[in-house]
Structure formats: structure tokens, C-alpha cells
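Here is the note on this structure that you asked for. The points are numbered and can be read with the model open beside them.

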Amino acid sequence: MTNAICRLPEPTNEPVLEYRPGSPERADLKLNIADMSSTEVEVPAVIGGKKVYSGDCKEIRMPHKHSRRLGLYHSVRQEDVGDAIAAAMGAKEEWARTPWEERAAIFLRAAEILAGRYRQILNASTMLGQSKTAHQAEVDSACELIDFFRFNVCFMEQIYRDQPRSSTGIWNRLEHRPLEGFVFAVTPFNFTSIAGNLPSAPAIMGNTVLWKPARSAVFSAHIIMELFQEAGLPPGVINLLPGSPAVMTDRVVGDPNFAGIHFTGSTGVFQSLWKQIGQNIANYRTYPRLVGETGGKDFVFAHCSADLEELATALIRGAFEYQGQKCSAASRAYLPASLWRQLKELLVAQIAQIRMGDVADFRNFMGAVIDEKAFDKIAAYIDFGHESATAEILSGGKYDKSEGYFIPPTLVQVTDPAHKLMVEEIFGPILTVYVYPDDKFQETLDICDQGSPYALTGAVFARDRRAVIQAANSLRNAAGNFYVNDKPTGAVVGQQPFGGARASGTNDKAGSYLNLLRWVSPQSIKETFCPPRKFDYPFMAEE
Ligand code: NAD
């Protein structure tokens, strides 16, 4: 195939399976859940393609049933981190020279294996380890990750195809080299797809990677690593390092070959990494790429012309699916007084119908929050809401960690738009609303724009088109992903490139060519077919 100018398979978004009673996917998923619930997994690090069992074992437990242990993972030691850097640097040359079609084939194969044989294995591990319902696992660990692989391969081709013009006698080319060094991928607990995308996006572009998964998502990370290996990824291209950041970070960002970080997680952690990298800046061979998608305080802004039922559904799904632990989750809402009485009744009635519990019981809409630390943090916000003179809790407002880390969907109304619950990222199932007088639409848009340091996602609900235009203009910089009459969650790869600015990140848009561009260092090549043979110019000739 050395002479073929290949055409990649046309990417399409993976269809979301429904898991209705009696469906084959439901039966398959339930089998995997039962199997994983009755055995224990042992998760090693994977360095240079080899499994590494450090012996420093940590437990993996179900968030919704914390008495139940799912297994153990081996936390890496400092020497393992050094070995992983050596493995990544060792694999680099050959991987960078592997033809792009062959790299594409590996990730296209990963997409197909995940769409088939691995689908319910990864879904079940995400459900049990991260407490996602069947639907939330399906849209994340199956569909979104499959989409990342399929679309990123096409974005790679799009980037390589983007070539400069050439004038007569000259051929200009752009060679999109991988970065000179290794990439550090640091992934969050809340999306299995992000965990798979952050190491694979730089790898698709020919880089080698150290991948540190979140402690609370090690189970699904282990399955993704097995998927990469099964798809034919050569040893050392992606090295999986479960364990404590304290053991890894100094060694990794202190290495002269550190060439970039692909991070998703909280704003504070990214800022501390950025500072640490800044302190080392004179020691690197090349300026590292810093790509980080971080926190959010995502809003829904309704105009008095909004449709009540559409708005209520968007608020409930947007705020409470996956227990509000989506970076894009609706967590503050600005609602017009004229709609509020009816909307409040609708919201309170619908919230009362939400079932929460073990995700293996498919009747539940919500599971538990990820761990005790998250639970305690969210519970403290609820306590604050109860004590605050300017807040009233309309639904929920309780919590219970006796069996699992359960926090029921909580609706709070505040009278101060600068209330702590309207400003800070809580990352749990709490929706705070501020009701504004209908004639203060513009003033309240300005409050929304300036009301929080974040700018990740936001939605406007209105039937009046002038109101949509006014909101879009006023909130232009308040959201990297802006929705009109839709909930602010659920971005789809290839359709709504995802990411925000301000304190929400570097806005390098996961699921688009813009992200992949960060993992290459272009080289301009000019070739002159008949170079001049004399140094002097015509203007220098005698008159
Ligand atoms: P987190 O910041 O606690 O952890 C993210 C990752 O960073 C984990 O792997 C963690 O172990 C690691 N980490 C923590 N301290 C570190 C350090 N000092 N050095 C190196 N690594 C370190 O975030 P989380 O709780 O896993 O995820 C929730 C956060 O992620 C929320 O703030 C959410 O908004 C954000 N998020 C953002 C997006 C986005 O696209 N903007 C997507 C998902 C999640």
C-alpha cells in the first residue's frame, strides 16, 4: 500500500443503543455487570507494553455501594515513572515514522472493537466504577469514545492535507511533525471517553504518551488500555500510570523531554501544573503545549417567551444527569418572574419523580457521586444553602453516605445573583436559580456574563428571536459551547467541538481538528527546482 493515496472511511456518529427491556444490548450489559460485580479486577500499570505490578495496592470500590470492592490497582512508584518516560522516548522514533494510514488503522480498529465486543465491558466498568446509569455509560464510554477515534483519524488527515500554495518552479510543503518529546495526559473521573481521548489524540498525531488516569476511574481506564493493545498499538506509545499525582508530577514535568500536557480536570489543579511547568521553562528542549479543559459554572438563561416544558426538561436533564458531575452540567439558572410560579411547580413535581440508587437497577435515573471527598464537599454546599438567609431549598437538600454516596437532586432559589451557590463550581446535583424581573432582561444577562469566572457551557431559552440574538451577543464570551433552546450538556464529537475559555480552559476544542493541531509542530519545506546560478540581480546590470 505504499503508493496509495488513501481515502478514510467516512466517519459517522455511533448510534446510541436504547437498552429497552428485552433488547440484546440490555441482556449483554447485565451479564457483564453481574460478572464484574462477582469477581475482583487487578489493575497493573502498563509501561512499554508490559504489565507492572508495583505491589502498592489501592482499592477500587463502587460509589453507590461502597462496601463492595471491585478490585485493586497497583499504584506506580517513582522508578516506574522514569521507566515510562524511557519507554515513551524509546517508542517515539518508530511511531513517528509509522505511516499515518497505519496509525489511523489502529484507532479505526479500536473504534470497531469498542462498538462490538468491548462495548458492554467498558459500559459495565463505567457503571460500576463511576456510578453511571446504562444510558449515561452508553453515551460516554461507548458512543463518544468511538466517535473520538473515528473523527480524530479524519481530522488528522484533514490537517496533513492542509498544504501551502506553490509558485512556478517551487514546491512548498508542510510537514506536521509530532512534538519533540513525550506528552503527559492527565484525565478526570467523570468521562471515560475523555480518559480515552486525552492520550489517544496526541498518539494519533504520532506522539508517545504517559497517561495518568483519575484514581476513581482506574477500572475503565484499564479496559481502555486493553482495548488499545488489542487494536495493535505498539508498546510504549501509550503508557498507563495509575497512582498518586505526587509521585508522578515532579518527575514528569521536570523532564527536559516533556513536550506537552493534555489535561482535563479542575481549574486549581491545571493552574498549579501550569505554574510548575513555568518554573521549569528554561529546562525543556521545546516549549511545551499546555492544553487544559477545566471547571465550569454552566448556566441556563430563560427569556419570558421560553416554552415552559422544554425549559423544565432541559433544567432537569442538564442539572441532574450523572449527578451533576458533567463539566457542562447546568448549575445556575436565570429565570423570568412571569414564568417562575408555573415552572417551579413543574420542576418540583418532576424532581419528586426522579429515582436514585444502584445503577444496576435500570429504573434509576441517578446513581451516587464519585467518592467521599466529593460527597462531603457537596454536602457542605447544601448545609450552606440551608443556613443562608438569601437561599431557600425547594427540593432535595439532604444527603446520605451510609450505603453509597447519595445526594438527591437539589433545587435552590437565591435572591442574590452573586450568592456563593450561583458562582462556585459545586460539581454535584445542585441547581441554583435566580428569578429576575422580566423587564431586567439585559441587566440580568450582564450579571450572568460577569457572575462567574468560568465560561464553559451555557444555554438560552426563548421563542422570541430578538431575545435569542440579544442573549447571544451579551453572552458571547460567557460560554465556549452555547446552546439555543437546548440543555447545555451532551456535546457530540464532530458536531459541537467542546471546550471553554476564561477559567474553564484553553478552549482547544476536544473532538475537532483544533485539538489535534496542538499535538504537531509544523515544518515548512521549500524546494526550488532550478536555483539561481549567479548571485547578482538584473537591476545591477549596466544601463
Ligand atoms: P481533578 O482536578 O481532581 O483531577 C483531574 C486529574 O488530575 C486526575 O487524574 C487527578 O489525579 C489529577 N491530579 C490532581 N492533582 C494533580 C497534580 N497536582 N498533578 C497532576 N495531576 C493531578 O478533577 P476531577 O475531580 O477528576 O474532575 C472534575 C473536574 O474536571 C471538574 O472541575 C470539571 O469541571 C472538570 N472537567 C472539565 C471538563 C472540560 O471539558 N472542561 C471535562 C470534564 C471534567
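1. The model is a predicted one. A search through the whole of it turns up 29 salt bridges. In general, side chains of opposite charge can pair when their charged atoms come close. The points below take up a few of these pairs, then the domains, one sheet and two buried residues.

2. Start with the pair R119 and E14. These two residues form a salt bridge in which the closest N and O atoms are 2.8 Å apart. R119 belongs to helix α4 (residues 119-130), while E14 sits in the segment before α1 (24-38), so the salt bridge ties together parts that are 105 residues apart in sequence. Both partners, R119 and E14, are buried.

3. E14 has a second partner to look at, R150. Between R150 and E14 there is a salt bridge with the closest N and O atoms 3.0 Å apart. This pair also links distant parts of the chain, since R150 is in helix α5 and E14 in the segment before α1, 136 residues apart. Is R150 buried or exposed? Its relative accessibility is 12%, and residues under 20% are classed as buried, so R150 counts as buried. E14 has a relative accessible area of 13% and is therefore buried as well.

4. Which residues are linked with E14 in a network of salt bridges? The network consists of E14, E112, R119, E138 and R150. When you inspect the model, show these side chains together and not pair by pair.

5. Next come the domains. The domain assignment divides the protein chain into domain 1 (24-294 + 505-523) and domain 2 (298-484). Note that domain 1 is given as two stretches of sequence. The centres of the two domains, taken over C-alpha atoms, are separated by 31 Å. On the domain 1 side 25 residues take part in the contact, and on the domain 2 side 30 residues do.

6. How much area do domain 1 and domain 2 bury between them? The value is about 2200 Å², and 60% of it is on carbon and sulfur atoms. Within domain 1, the residues that lose the most area to domain 2 are H64, H66 and F189, which together make up 24% of what that side buries.

7. Across the interface of domain 1 and domain 2 the rule finds 1 salt bridge. Separately, look at the pair of K65 and D358, whose closest N and O atoms are 3.4 Å apart. K65 lies in strand β5 and D358 in the loop between α11 (337-352) and α12 (372-387), so this salt bridge ties together parts that are 293 residues apart in sequence. K65 is partly exposed, with a relative accessible area of 32%. D358 is also partly exposed, with a value of 24%.

8. Strand β5, which holds K65, is part of a sheet. Three strands make up this open sheet, in the order β1-β5-β4, and their pairing is mixed. Why is one side of β1 and one side of β4 left without a neighbour in the sheet? β1 (41-43) and β4 (57-62) stand at the edges and each has a single partner strand, so one side of each stays free of a neighbour. On average, neighbouring strands here are turned by 40° against each other, direction ignored.

9. In general, strands of a sheet pair through backbone hydrogen bonds, either parallel or antiparallel. β1 and β5 (residues 65-74) run parallel and are joined by 3 bridges. As for single residues, the bridge partner of V43 in β5 is Y73. Helix α7 (residues 218-230) packs on the sheet and touches β1, β4 and β5, with its direction at about 75° to that of β1.

10. V153 is placed in helix α5 (residues 134-161). This residue has a relative accessible area of 1% and is therefore buried. Apart from neighbours within four places in sequence, V153 is in contact with L8, A104, F107, L108 and I204. G55 is 98 residues away from V153 along the chain, and their C-alpha atoms are separated by 37 Å.

11. The last residue is S395, found in strand β14 (residues 391-395). S395 is buried, with a relative accessible area of 8%. Setting aside neighbours within four places in sequence, its contacts are V348, I351, P409, T410 and L411.

Conventions:
Residues are numbered from 1 along each chain as its sequence is written. This is a predicted model: local features need pLDDT of at least 70, side-chain atom pairs count only at pLDDT 80 or more; totals for chains, interfaces and linings use all residues. Side-chain values use heavy atoms; hydrogens and water are left out. Two strands pair if DSSP finds at least two bridges between them. Helices (H or I, at least four residues) and strands (E, at least two) are DSSP runs, numbered from the N terminus. Axes are lines fitted to C-alpha atoms, for helices over the stretch in contact, and angles run from 0 to 180 degrees between N-to-C directions. Contact means heavy atoms within 4.5 Å. Buried means under 20% relative accessible area, exposed over 50%, partly exposed in between (1.4 Å probe, protein chains only). A salt bridge is a side-chain nitrogen of Lys or Arg within 4 Å of a carboxyl oxygen of Asp or Glu. Domain bounds come from an automatic or database domain assignment. Buried area is the accessible area (1.4 Å probe) that two parts lose on being put together, summed over both.
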